[in-house]
Amino acid sequence: MTAAPVLDPQRTALLLVDLMDRVVALPLEPRKGTEVLAAAEELATTFRRAGALVVLVRVERPAVAEQPPGSGLVPGLRRDGDLEVVKRTLGAFQGTGLDERLRERGITTLVFGGIATNLGVESTARAAADLGYDLVFAEDTMAAFTAAEHEASVRLDFPRLGTVTRSTDVSFA
């Protein structure tokens, strides 16, 4: 892990992926979903205090009459001023208007957290990199189904896309 860059709150957004009851409750590694949620909530508080945007992404299954129980965001996670995005694919950019909504706000840097590290988070991050965003990954705000999957993303893939750091090292100018 490296030191996080000092961020501009007007040009930075926190993207938290799939922090929904049914996802947080899954057996995860290298940390439990509740630990991911606690670290993500603290980081979101830091962003809100700095006046930076918090984006909460959740998934809905396409072409089903009713979503499974626990498909909403964890209760209390969303605050006034946060942006909620509903995705129907692995990543959060395809068909959601997320890129347009970020660009309208002048966002150029994205800080990532969520579940699962190697699935929804990585898919969204790869699309963001292709779109030209600067990326920061708060490693302690993520987990996957196995520690090996999580480690592959944070040790091999994410460093090629941006900066991998801890949530407590994220700071604003």
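Okay, Thr-109: you'll find it in strand β5, residues 109-115, where strands are DSSP runs of E with at least two residues, helices are runs of H or I with at least four, and both are numbered from the N terminus. Before I go on, this is a predicted model, so local features need pLDDT of at least 70, side-chain atom pairs count only at pLDDT 80 or more, and totals for chains, interfaces and linings use all residues. Residues are numbered from 1 along each chain as its sequence is written, and side-chain values use heavy atoms, with hydrogens and water left out.

Back to Thr-109. Is it buried or exposed? Buried, because its relative accessible area is 11%; the cut-offs are under 20% for buried, over 50% for exposed and partly exposed in between, with a 1.4 Å probe and protein chains only. And what does Thr-109 touch? Leaving aside residues up to four places away in sequence, its contacts are Leu-7, Arg-11, Thr-12, Ala-13, Tyr-133, Asp-134 and Val-136, a contact being heavy atoms within 4.5 Å.

Zooming out to the fold. We've got five helices and eight strands, and along the sequence they run β-β-α-α-β-β-α-β-α-β-α-β-β. The radius of gyration is 15 Å, close to the 16 Å from the globule rule for 173 residues, so the protein is as compact as a globular protein of that length. That radius is over C-alpha atoms, and the rule is 2.2 Å times the number of residues to the power 0.38. If you prefer a box, the C-alpha atoms fill one of roughly 45 × 35 × 30 Å along the principal axes.

Half-buried is a fair label here: 50% of the 173 residues count as buried. Take the contacts with a separation of 6 or more, and 81% of them come from residues 24 or more positions apart. As for surface, the protein exposes about 7900 Å², with carbon and sulfur atoms supplying 50% of it; that's Shrake-Rupley with a 1.4 Å probe, and for residues only the protein chains shown count as cover.

Now, charges. There are 19 positive and 24 negative side chains, and the centres of the two sets lie 2 Å apart. Lys and Arg are the positives, Asp and Glu the negatives, with His and the chain ends not counted; each charge sits at NZ of Lys, CZ of Arg, CG of Asp or CD of Glu.

How many salt bridges does a search of the whole structure find? It's 13, using a side-chain nitrogen of Lys or Arg within 4 Å of a carboxyl oxygen of Asp or Glu. One of them joins Arg-31 and Glu-139 at 3.2 Å, N to O. Those two are 108 residues apart, with Arg-31 in the loop between α1 (21-24) and α2 (33-50), and Glu-139 in strand β6, residues 134-143. Both Arg-31 and Glu-139 are buried.

Next up, Arg-126 and Asp-157, with their closest N and O atoms 3.7 Å apart. This one ties helix α4 (residues 117-130), home of Arg-126, to helix α5 (residues 147-161), home of Asp-157, over 31 residues. Arg-126 counts as partly exposed at 40% relative accessibility, and so does Asp-157 at 23%.

Then there's a local one: Glu-151 and Arg-155, at 2.9 Å, N to O. They're separated by about one helical turn, because they sit four residues apart in helix α5. Glu-151 is partly exposed at 28%, and Arg-155 is partly exposed at 43%.

Last item: Arg-58, Glu-60, Arg-78, Glu-84 and Arg-88 are linked in a network of salt bridges.
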